[in-house]
Amino acid sequence: GGAVWRRHLPAMSKITRILSGIQPSGIPHLGNYLGAIKHWTRLQYEGELKPIFCVVDLHALTSQAEAKQRQGSIREQSWEMAAALIAAGINPDRAILCRQSRVVGHTELAWYFQRTVKNGWLERMTQFKQKGDELKSTALFTYPVLQAADIMLYQASHVPVGEDQAQHLELTRHIAAAFNEFHNTHLFVPPTAMIPEKSARIRNLRKPTQKMSKSDKDGAAGRIDLTDDEKTIRKKVNRAVTDTEIGIAYDEERAGVRNLIDIAAALEDRPPTAVADDHANDSNSEFKRYLADLIVTELLPISERVTQLLSTERNELERIVTESEREAQAIANDTLKQVHDIIQI
């Protein structure tokens, strides 16, 4: 929570449609929830048209090495992510929730874009450059083009992104402009990034210098999943790494304590310094008790709903998502028809 969305554009650029994507990593953890999902529940009330939240299952197919490490199927993990989004408050009356692979048009539009994309543009992408050679595939190389298609297929005007994706969104703007120029059209309006000014960057509870992540070698000790029960949450918070200093302070040098303050601040929608001031005289264990209470209060209702949607109410989950996907498909078809006419294919 607590993100103020700053828009890199003059005030006249109104929000028509927001689009954001999330990987199908199964049940999200607290970092996913506070870093993205909680914002989305607010963003679904912005914009003239329904926002689109997309489980980007095709983006989970970029390398063989990552496929070998994956536990469980992408299909089931997409359902888990969809269930978590609904449980967290994404309302199908307010927003469209779809799986990327189930809407025809993402890969087709990406192919039309590839003609106007230069290799050099993709070689400059930091994420591509940082990956080891064993992960580098054609899919990893071209996935920013598919990302551009994900956005432009729905003609989204605004895309909430973390700093790590800002470069890819800049590329999307280039791709839209290049397509327009090549085909002498104004079809695609380059989208605007919505970058949170102070997004919660939640760290691993056991290793607070690293971010909370599904792929952590230590398993689940350092992360809190949205379906953890109360006992598990309290145990994990209790065992979070802190330090021996007296009192609670928001200090660069105290990574563990700072992370716990960040989590509390995101849950309470307050600046971290305000939380630290209120709890300045707490012992570490007092502050942990307070934080565990906050997390339990926020996550337990979500956890119960996720469990229902994946078991007794599975039919309801599938109905909500497939109906939403029909809405997404109608928008995609409209864009594709215009693109077909422009390309004359």
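The protein comprises 13 helices and six strands in what is a predicted model. Its overall dimensions are consistent with those of a compact globule: for 345 residues a radius of gyration near 20 Å would be anticipated, and the value of 21 Å agrees with this. Along the principal axes, the C-alpha atoms occupy a box of roughly 70 × 45 × 45 Å. Of the 345 residues, 51% are buried.

Electrostatic pairing was examined next. Side chains of opposite charge can pair when their charged atoms come close. In total, the structure contains 19 salt bridges. One of these joins Glu-327 to Lys-50, with a separation of 3.1 Å between the closest N and O atoms. Glu-327 belongs to helix H13 (residues 314-343), whereas Lys-50 is located in the loop between helix H1 (30-43) and strand S3 (52-55); the pair therefore ties together parts of the protein that are 277 residues apart in sequence. Both partners fall in the partly exposed class, Glu-327 with a relative accessibility of 31% and Lys-50 with a relative accessible area of 22%.

A further salt bridge is formed between the side chains of Asp-293 and Arg-234, at an N to O distance of 2.9 Å. This pair also links distant parts of the chain, since Asp-293 is situated in helix H12 (residues 284-310) and Arg-234 in helix H9, 59 residues apart. Asp-293 is partly exposed, its relative accessible area being 39%, and Arg-234 is likewise partly exposed, at 28%.

A local arrangement is found within helix H8 (residues 166-183), which contains both Glu-170 and Arg-173. These two residues are three positions apart, about one turn of the helix, and they form a salt bridge in which the closest N and O atoms are 3.8 Å apart. For this pair a salt bridge requires a separation within 4 Å, so the distance of 3.8 Å satisfies the criterion. Glu-170 is partly exposed, with 44% relative accessibility, and Arg-173 is assigned to the partly exposed class at 31%.

Beyond these individual pairs, Glu-76, Arg-314 and Glu-318 are connected in a network of salt bridges. Arg-314 thus has a place in a network that includes the two acidic residues Glu-76 and Glu-318.

Positive charge is also found in a surface patch, in which Arg-206, Lys-231, Lys-235 and Arg-239 gather. Among these residues, Arg-206 lies in the loop between strand S6 (192-196) and helix H9 (230-238). The relative accessible area of Arg-206 is 37%, which places this residue in the partly exposed class. Members of such a patch must have over 30% relative accessible area, so Arg-206, at 37%, meets that requirement.

The surroundings of Val-117 were considered separately. Val-117 is located in the loop between helix H4 (106-114) and helix H5 (119-123). Val-117 has a relative accessible area of 13% and is buried, because the buried class covers values under 20%. In sequence, Val-117 and Ala-178 are 61 residues apart, while their C-alpha atoms are separated by 7.7 Å in space.

Note on methods:
Residues numbered from 1 in each chain as written. Predicted model: local features only at pLDDT ≥ 70, side-chain atom pairs only at ≥ 80, totals over all residues. Heavy atoms only, no water. Patch = residues over 30% accessible without salt bridge, like charges linked within 9 Å, V, L, I, M, F, W, Y side chains within 5 Å. Areas by Shrake-Rupley, 256 points an atom, 1.4 Å probe, with all protein chains shown as cover. Charge placed at Lys NZ, Arg CZ, Asp CG, Glu CD. Helix = DSSP H or I, 4+ residues; strand = E, 2+ residues; numbered from the N terminus. Buried < 20%, exposed > 50% of the residue type's maximum accessible area, 1.4 Å probe, protein only. Rg over C-alpha atoms; globule rule 2.2 N^0.38 Å.
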